[in-house]
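User: I'd like to learn how to read pockets and sheets in a model like this one. Can you walk me through it?

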Amino acid sequence: MKRVSERISIEEEKSKTRIEISAQIESWKRSLLISWFAAWTFCGIVVGTQLFGELSRELLIAVVVYISFWAYFEYKIAYAVLWRLFGKEIIEVEGGMMRVKRDIKGYGKVVQYFKENINRMRLMEDNAKSFAQTFNKSFWVVGGEQIVFESLGASQGFGLQLEREEAKKLLQYLRRKI
């Protein structure tokens, strides 16, 4: 096993290559993320308890709308916490296939691509003026793919929140393998 960087390890066998990209972050960021999740959960529970009291129709609608938005973001935050605690990206190149998986404790969907369908593998263009790109680089978000490619007309990506140099090294390695 060799390491491209602190977060990226590569294991090569006879006909199979396995690349793991860790989603780990610094401990202070992890603590902040867990604290945010706990505070968000507490707020939702406090507001949710209001559903059991006597409310006017308008206030009931407001609380239900609030709880709906809260539940969506509770899911997103919980996923980000689990991703940062236990997550990793796994890229396997074997035979004529490349498989990409976002793995959390063994769970996650594997997406397979035929090598002949993979085109234009490149680094994500860095646009400092893009709000979406800046947001996706935040540690509380599961996103920010740094390596993108075309497959059957659709854009795909992996290498979540890799540093530019890490992404360049990984891209060079993958181009040789594919």
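**Pockets and sheet**

Analyst: Sure, and keep in mind that this is a predicted model. We'll take the second largest pocket to begin with: its volume is about 310 Å³.

User: How does one find such empty space, and which residues are closest to the centre of the second largest pocket?

Analyst: The general idea: roll a probe the size of a water molecule over the atoms, and you see where empty space is left. Here, 14 residues line the second largest pocket, and K76, I77, W140, V141 and V142 are the closest to its centre. Helix 2 gives the most to this lining, with seven residues, and helix 1 (27-48) supplies at least two.

User: What classes of residue make up that lining?

Analyst: Twelve are nonpolar, two are charged and none is polar. Now take the largest pocket, at about 400 Å³. Its 15 lining residues have R7, K29, Q161, L162 and E163 closest to the centre, and by class the lining has nine charged, three polar and three nonpolar residues.

User: On to the sheet. What is the strand order, and which strands stand at the edges?

Analyst: The sheet is open, with six strands in the order 1-2-3-4-5-6 and antiparallel pairing. Strand 1 (2-3) and strand 6 (110-114) are the edges; each has a single partner strand, so one side of each lacks a neighbour in the sheet.

User: How many bridges join strand 4 and strand 5?

Analyst: Eight, linking residues 87-94 with residues 97-104 in the antiparallel sense. E94 sits opposite M97 of strand 5. Helix 4 (residues 164-177) packs on the sheet, touching strands 1, 2, 3 and 4, and its direction makes about 165 degrees with that of strand 3.

Notes:
Residues numbered from 1 in each chain as written. Predicted model: local features only at pLDDT ≥ 70, side-chain atom pairs only at ≥ 80, totals over all residues. Heavy atoms only, no water. 1 Å grid on protein atoms, 1.4 Å probe; cavity = no way out; pocket = protein on both sides within 12 Å on 5 of 7 lines; lining within 4 Å. Points joined across faces, edges and corners; volume = space filled by probe spheres on them. Nonpolar A, V, L, I, M, F, W, Y, C, P; charged D, E, K, R; others polar. Helix = DSSP H or I, 4+ residues; strand = E, 2+ residues; numbered from the N terminus. Pairing = 2+ DSSP bridges. Contact = heavy atoms within 4.5 Å. Axes fitted to C-alpha atoms, helices over the stretch in contact; angles between N-to-C directions.
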